[in-house]
Amino acid sequence: MKRAYKIEIKPTAEQKVKIHQTIGVCRFIYNFYIAHNKEVYELEKRFVSGMDFSKWINNEFIPSNPDHAWIKDVSSKAVKQAIMNGDKAFTKFFKGEAGFPKFKKKNKQLVKAYFPKNNKTDWTLERHRVKIPTLGWMRLKEFGYIPADSIVTSGTVSQKADRYYVSILVEEDTPINCSKPHTEGIGVDLGLKDFAVYSNGVVKKNINKTARVKKLEKKLRREQRRLSRKYESLKKLKKSEKGDATRRNIQKQITKVQKLHQRLGSIRTDYINKTVYEIVKQKPSFITIEDLNVSGMMKNRHLAKAVQKQKFYEFKMKLVSKASIYGIEARVVDRWYPSSKTCSACGAHKKDLKLSERTYKCACGLVIDRDLNASINLANAKEYKIA
């Protein structure tokens, strides 16, 4: 069974330089591939595949442009993977699954450096360190998190908010030993007022409404304003006055903003992980969720920010993954299923239910919370798909 682990690492000063160099080259190659494809398509109306572009870079471009020989200073496998990532982006675009590939900007997108396992000594894993190809041994921040007897097949190194991480894919011989589900199925209704409501009556509050998160968001807004002012001040200076000190101050402020973004993201992700584990540890016979139209909700400017903070897609993917590991059936109900407008007691349908009505009242005498009623209907749904 294959599992993925992500853990923070503590590289040395020399290793940090090598990581930054590799990530920078990968970003340049990715952007160069997109720009080259646009140019070729405008002239010849054809698409250059990732394999053809890689051959052109190594056999024609670098030999004829000695000033770009620094591309060869980093791992060739990492450069090749950056090209293939661009190839995947173009393939999705032509299939209509995504928009046109965008250029990656420094300090904007998270660029990763990919390192495959070329020989037996690569990706050697110990309790406190890991051997990464071309980078050497690197200490792990947490000891014993990854099983030492795991077989690593590949991994990526990334940098975010002045921190460094390694994501590895391992093959584990022993699957998780779990007993068979022994409780009834659970319906989970996701929302913005409360993050999740279970059909058994449990309510998971919205983490974004807590004082801790609100305080960090307020601090983030303040630091973003400071960064914006620094950029405006830089524009007003003359070219002769724009020194390295000014740019270093901007970079320090960017790091502050990135750290706050990362801290907020970590709090939300941790809350999702704990919620998923809380559901799975009950060992229900099945878990039913609704197929939410997240991309459609993001188009509503009044709801987009709140929907983005909830991370519904991440919750769904982690819940489905964890349920499959523990042998629990994950069901997905169609997004048009009227879970909120249907009475969970008699099955009556209330077409004129408004979003502002938080309590569901039926003619049969049932008075119940709107979200709890929806979760019960999800648990009792007869038409669904297996995720």
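**Reading contacts and crossings**

Guide: Let's begin with a pair of side chains: those of E217 and R268 make a polar contact at 2.8 Å. Keep in mind as you look that this is a predicted model.

Visitor: Happy to start there. Where is E217 found?

Guide: Look along helix α4, which spans residues 211-236; E217 is found in that helix.

Visitor: And how do I read its surroundings: is E217 buried or exposed?

Guide: The general idea is to compare the relative accessible area with a cut-off, and buried means under 20%. E217 has a relative accessible area of 12%, so it is buried.

Visitor: Which residues is E217 in contact with, leaving aside neighbours within four places in sequence?

Guide: You will find L264, R268 and K309 in contact with E217. R268 is also the partner in the polar contact we began with.

Visitor: Let's move on to helix pairs. What describes two packed helices?

Guide: Two numbers do the job: the angle between the axes and the distance between them. Here, try α5 (residues 244-280) and α8 (residues 312-325): their axes come within 10 Å, and they cross at roughly 35°.

Visitor: Is the crossing of α5 and α8 left-handed or right-handed?

Guide: That crossing is right-handed.

Visitor: Which residues in α5 and α8 meet?

Guide: From α5 come T269, I272, N273, T275, V276, I279 and V280, while α8 brings E314, F315, K318, L319 and K322. By class, this contact has six nonpolar, three polar and three charged residues.

Visitor: Now backbone angles. Which residue has a positive phi of about 55°?

Guide: That is K45, and it is not a glycine. You can find K45 in the loop between α1 (13-44) and α2 (50-64). Since exposed means over 50%, K45 counts as exposed at 60% relative accessibility. For a second case, T134 has a positive phi of about 70° and is likewise not a glycine. T134 sits in the loop between β3 (129-132) and β4 (136-140).

Visitor: Last topic, then: annotations. What does UniProt place at residues 1-45?

Guide: An unreviewed UniProt entry gives "domain: Transposase putative helix-turn-helix" there. In the model, residues 1-45 are 71% helix and 20% strand, with the end C-alpha atoms 44 Å apart.

Visitor: And which UniProt annotation covers residues 312-378?

Guide: The record, again an unreviewed entry, has "domain: Cas12f1-like TNB". Over residues 312-378 the chain is 34% helix and 16% strand, and its end C-alpha atoms are 17 Å apart.

Note on methods. Residues numbered from 1 in each chain as written. Predicted model: local features only at pLDDT ≥ 70, side-chain atom pairs only at ≥ 80, totals over all residues. Heavy atoms only, no water. Axes fitted to C-alpha atoms, helices over the stretch in contact; angles between N-to-C directions. Helix = DSSP H or I, 4+ residues; strand = E, 2+ residues; numbered from the N terminus. Left-handed = near helix turned anticlockwise from the far one by under 90°. Contact = heavy atoms within 4.5 Å. Nonpolar A, V, L, I, M, F, W, Y, C, P; charged D, E, K, R; others polar. Buried < 20%, exposed > 50% of the residue type's maximum accessible area, 1.4 Å probe, protein only. Polar contact = N/O pair within 3.5 Å; in protein donor to acceptor, adjacent residues only side chain to side chain. UniProt positions renumbered as here; feature names shortened; annotations may be inferred.
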